[in-house]
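Student: I have a chain to go through and would like to work on its aromatic rings and its helices. Can we take it one question at a time?

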Amino acid sequence: MLFEISLMKFNTHELSEAAPFLGPFCFSFYILLVVFICMSMFLTIINHSFRRARENINDNQEMFSYMLIKFQRWIGLKKVTKEERYTFRRLEYFDPIEHFPDKIDQLLDAINRLYMTQISERSTVEKDES
């Protein structure tokens, strides 16, 4: 019923017949509350979006220059230099052997934590039983 009231699909006679003073009072209070809360949220979202857009003006210029360079390379007006090609390939290359020792250390730490947790839980259970 409250959702129908916020959409203005309701019968006012039912509200006034249910409670002559409290029905219209609660209806008015609810409408004012919903309108002000929804309007406040809407304006806050718009204000926040405009503030972020104003702060990101420099980012938009960088984004435009990046897109322009990519478009020029795509249509063939600008060629990729050897340094850029090397950095792109270097960024894309992932050597799993380089990260293997770190992953093993993470695995051993996790197993150690699990083992120590089980030992501490077992000792608390044994203390509770005795």
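Tutor: Start with a definition: rings of Phe, Tyr and Trp, the last by its six-membered ring, form a pair if their centres lie within 6.5 Å. Planes under 30 degrees apart count as stacked, over 60 as edge-to-face and the rest as tilted. Keep in mind that this is a predicted model.

Student: How many aromatic pairs does the structure hold?

Tutor: A pair of aromatic rings is described by the distance of the centres and the angle of the planes. By the distance cut-off of 6.5 Å, the number of aromatic pairs in the structure is 2.

Student: Is the pair of Phe21 and Phe25 stacked or edge-to-face?

Tutor: The ring centres of Phe21 and Phe25 are 5.7 Å apart, and the limit for a pair is 6.5 Å. Their planes stand at 10 degrees, so the pair is stacked.

Student: Which class does the pair of Phe71 and Trp74 belong to?

Tutor: Here the centres are 6.0 Å apart and the planes are at 45 degrees. Stacked needs under 30 degrees and edge-to-face needs over 60. The pair of Phe71 and Trp74 is therefore tilted.

Student: Where in the chain do Phe71 and Trp74 sit, in terms of helices?

Tutor: The two residues are 3 apart along the sequence, which is about one helical turn. Both belong to residues 57-75, that is, helix α4.

Student: Is Trp74 buried or exposed?

Tutor: Buried means under 20% relative accessible area, and exposed means over 50%. Phe71, at 44%, is partly exposed. Trp74 has 70%, so this residue counts as exposed.

Student: What about Phe21, buried or exposed?

Tutor: Its partner Phe25 has 46% relative accessibility and is partly exposed. Phe21 has 63%, and the cut-off is over 50%, so Phe21 is exposed.

Student: What share of the residues in the chain is buried?

Tutor: The chain has 130 residues. Counting those under 20% relative accessible area as buried, the share is 5%.

Student: How many helices are there in the chain?

Tutor: The chain has 0 strands. Along the sequence the pattern reads α-α-α-α-α-α. The number of helices is 6.

Student: Which residues does UniProt list for "transmembrane region"?

Tutor: The stretch in question is 93% helix and 0% strand, with its end C-alpha atoms 40 Å apart. The listing comes from an unreviewed UniProt entry, and the residues are 20-46.

How values were computed:
Residues are numbered from 1 along each chain as its sequence is written. This is a predicted model: local features need pLDDT of at least 70, side-chain atom pairs count only at pLDDT 80 or more; totals for chains, interfaces and linings use all residues. Side-chain values use heavy atoms; hydrogens and water are left out. Buried means under 20% relative accessible area, exposed over 50%, partly exposed in between (1.4 Å probe, protein chains only). Helices (H or I, at least four residues) and strands (E, at least two) are DSSP runs, numbered from the N terminus. UniProt positions are given in the numbering used here, feature names are shortened, and annotations may be inferred rather than shown by experiment.
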